[in-house]
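Student: I have a new model on screen. Can you take me through the fold step by step?

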Amino acid sequence: MKENEAIRAVTKTFINRWKHLLSIKDWDVQLRYTTLDADELGCCGVEPHHKSAMIMVDINQIKDKQELLEVIRHELMHIVHAHFNSYRQAVEKHLPPNVVTVSDEIFSIAAEDLVLKLEHLVNKLDINIKGRHDET
Ligand SMILES: [Zn+2]
């Protein structure tokens, strides 16, 4: 799909709604369109100490607006566990490289599992992709 002004407006509103729903309203979340590896639609870099995150999305691999919003929501959910990234990085400074490799792999599996469960929960609660439910 192509990025345009309408998509930028939709994603901005969407991110603000989901920041509220995920209790990460105090985070500065930027969205950047870029080229990622094949089959990687999005990724998220976080700086928990500054409460800032950069969501990167490969819009050329995304078929429509619905999928774009799902990818953004997925990446926003990774911000919820951002402090565990800090913990992992602090611990890994003291580990030998081969152990860091294993640690990274286990961390990634755990992080994706957590986000998948959050997505499942949100879908079960019938909060649709627009986050239309009460925001209080
Ligand atoms: Zn993920």
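Student: In what order do the elements of the chain run from the N terminus on?
Tutor: Keep in mind that this is a predicted model. The chain holds four helices and three strands. From the N terminus, the order is α-β-β-β-α-α-α.

Student: What radius of gyration does the chain have, and why does it agree with a compact globule?
Tutor: The C-alpha trace spans about 50 × 35 × 30 Å along its principal axes. A compact globule of 136 residues would have a radius of gyration near 14 Å, so the chain agrees with that at 16 Å.

Student: What share of the contacts with a separation of 6 or more joins residues 24 or more positions apart?
Tutor: Contact here means C-beta atoms within 7 Å. Count the pairs in the chain with a separation of 6 or more, then take those 24 or more positions apart. Their share is 65%.

Student: Which element gives the most to the largest nonpolar core?
Tutor: Of the 136 residues, 19% count as buried. The largest nonpolar core has 21 residues, and Ile 15, Ala 53, Ile 55, Val 57, Ile 72, Leu 76 and Ile 79 touch the most other members. Two or more residues each come from H1 (5–21), S1 (28–33), S2 (42–47), S3 (52–57) and H2 (65–80). The most, seven residues, come from H2.

Student: Which residues is Val 57 in contact with, leaving aside neighbours within four places in sequence?
Tutor: Val 57 is one of the core residues that touch the most other members. Beyond its sequence neighbours, its contacts are Leu 31, Tyr 33, Leu 41, Gly 42, Ile 62, Leu 68, Val 71 and Ile 72.

Notes
Residues numbered from 1 in each chain as written. Predicted model: local features only at pLDDT ≥ 70, side-chain atom pairs only at ≥ 80, totals over all residues. Rg over C-alpha atoms; globule rule 2.2 N^0.38 Å. Buried ≥ 20, exposed ≤ 12 C-beta atoms within 10 Å, placed from the backbone. Contact = placed C-beta atoms within 7 Å. Core = buried A, V, L, I, M, F, W, Y, C linked by C-beta atoms within 7 Å.
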